[in-house]
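Subject: Structure for you to look at

Hello,

Here is the structure I promised to pass on. Please open it alongside this message, and my notes follow below.

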Amino acid sequence: MSFVSAQNIFQSYDGRPILERVNLEVDEGEFISIVGASGCGKSTFLRLLLAQEQPSRGAIRIGGAVPAAEPGPDRGVVFQKYSVFPHMSVRENIIAGESFRRPLGRFFGAAKKAARARADATLERIGLGHVADAYPATLSGGMQQRLAIGQALAAKPRILLLDEPFGALDPGTRLAMHDFLTELRAAAPMTVFMVTHDLAEGFKLGDRVLVFDKPRWDPHDPGAYGATITYDFDARDDGIPFQTIKEVANVPDQT
Ligand SMILES: Nc1ncnc2c1ncn2[C@@H]1O[C@H](COP(=O)(O)OP(=O)(O)O)[C@@H](O)[C@H]1O
Ligand SMILES: [Mg+2]
């Protein structure tokens with residue numbers, strides 16, 4: 001059985017279908033990029049994986065079980081506009097990310113010193129070493145976003161959910177964050193779901209690129225139908241470029 005499984009997911013808000021008939025099987029360690037028009041339900045799908053909300057129909061399984069509603073250390077998350085802890089310094093924010101894994105959420109003595117050293121190494125790596133003692137409010141938006149990503153990754157989550165995480169960064173910083181994420185995945189395998197508007201970024205980082213789209217469309221009532229996964233591309237470096245693993249939902253049944 002696959003690590004993450006979505007079985008026949010439907011999600012509606014106030015009777016409006018947003019997602020319909022979403023089926024997905026993901027192996028542990030896969031990097032899944034998600035693209036699709038604005039408003040088609042990509043963030044909704046991530047919230048379902050986080051168990052922040054329950055699907056109207058269908059089931060999500062992670063490691064064979066219904067995911068817990070409390071996002072613990074198993075699932076890290078970075079949204080495009082992520083708020084780091086404003087009352088903590090940059091370094092403390094990274095340590096807080098890591099200490100998520102510990103029962104008491106605290107480090108003492110030698111463990112604290114080691115946690116500081118790890119945090120400082122992470123900060124060097126994401127170009128924030130020189131502001132370790134600063135508070136987030138004094139940083140630029142791009143720096144705060146790098147801090148948010150560093151914080152989520154410090155927890156070494158089994159699943160990382162990224163909702164347009166690099167969208168607000170300048171091109172150079174974005175490339176540096178790509179490298180950072182790629183290195184971390186090489187060191188500690190993580191299953192990643194990343195929503196992006198940038199198709200090239202999706203193919204560069206992803207093993208697969210999923211397209212969310214509406215297979216059915218009523219021009220007189222654009223909200224009549226929900227979106228589903230219409231394409232599932234193989235984006236692995238050794239794969240044939242743009243090979244379709246499956247063309248999922250072109251001819252929907254009318255149930
Ligand atoms: N909690 C909610 N209640 C009502 N409507 C919602 C809720 N969350 C999202 N929506 C609507 O669902 C649709 C999909 O939203 P979203 O998942 O954020 O799209 P995307 O991330 O693909 O841009 C949008 O029309 C949005 O307004
Ligand atoms: Mg979104």
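Glutamine 7 faces alanine 59 of strand 4 across the pairing, and in this predicted model serine 5 likewise has a partner in strand 4, arginine 61. The two strands concerned are strand 1, residues 4–13, and strand 4; they run antiparallel and are joined by 5 bridges.

Strand 1 also pairs with strand 2, again in the antiparallel sense, this time over 7 bridges. In that pairing valine 4 stands opposite valine 26 of strand 2. The hairpin that strand 1 and strand 2 form has 2 residues between the strands, and aspartate 14 in this hairpin takes a positive phi near 50 degrees.

Put together, this gives an open sheet of 3 strands in the order 2-1-4, with antiparallel pairing. Strand 2 (16–26) and strand 4 (57–62) are the edge strands, each pairing on one side only. On average, neighbouring strands of the sheet are turned by 20 degrees against each other, with direction ignored. Have a look, too, at helix 1, residues 42–49: helix 1 lies across strand 1, strand 2 and strand 4, and runs at about 120 degrees to strand 1.

Next, the ligand. Which residues surround ligand 1? They are Tyr13, Ile18, Ala37, Ser38, Gly39, Cys40, Gly41, Lys42, Ser43, Thr44 and Arg47. Some polar contacts are worth finding on your screen:

- Glycine 39 offers a polar backbone atom that is 2.7 Å from an oxygen atom of ligand 1.
- Lysine 42 has a polar side-chain atom 2.8 Å from an oxygen atom of ligand 1.
- Threonine 44 places an N or O atom of its side chain 2.6 Å from an oxygen atom of ligand 1.

Further along the chain there is a pair of helices to look at. Two packed helices are described by the angle between their axes and the distance between the axes. For helix 4 (residues 141–154) and helix 5 (residues 171–187), the axes come within 12 Å and cross at roughly 5 degrees. Angles under 35 degrees count as roughly parallel, so helix 4 and helix 5 are roughly parallel to each other. What does helix 4 bring to the contact with helix 5? Helix 4 contributes Arg146, Ile149, Gly150 and Leu153, which meet Thr173, Met177, Phe180, Leu181 and Leu184 of helix 5. By type, the residues of this contact divide into 6 nonpolar, 2 polar and 1 charged.

Enjoy looking around, and do write back with any thoughts.

Best wishes

Definitions and conventions
Residues numbered from 1 in each chain as written. Chains lettered and ligands numbered in written order. Predicted model: local features only at pLDDT ≥ 70, side-chain atom pairs only at ≥ 80, totals over all residues. Heavy atoms only, no water. Axes fitted to C-alpha atoms, helices over the stretch in contact; angles between N-to-C directions. Helix = DSSP H or I, 4+ residues; strand = E, 2+ residues; numbered from the N terminus. Parallel < 35°, antiparallel > 145°, perpendicular 65-115°, else oblique. Contact = heavy atoms within 4.5 Å. Nonpolar A, V, L, I, M, F, W, Y, C, P; charged D, E, K, R; others polar. Pairing = 2+ DSSP bridges. Near = heavy atom within 4 Å. Polar contact = N/O pair within 3.5 Å; in protein donor to acceptor, adjacent residues only side chain to side chain.
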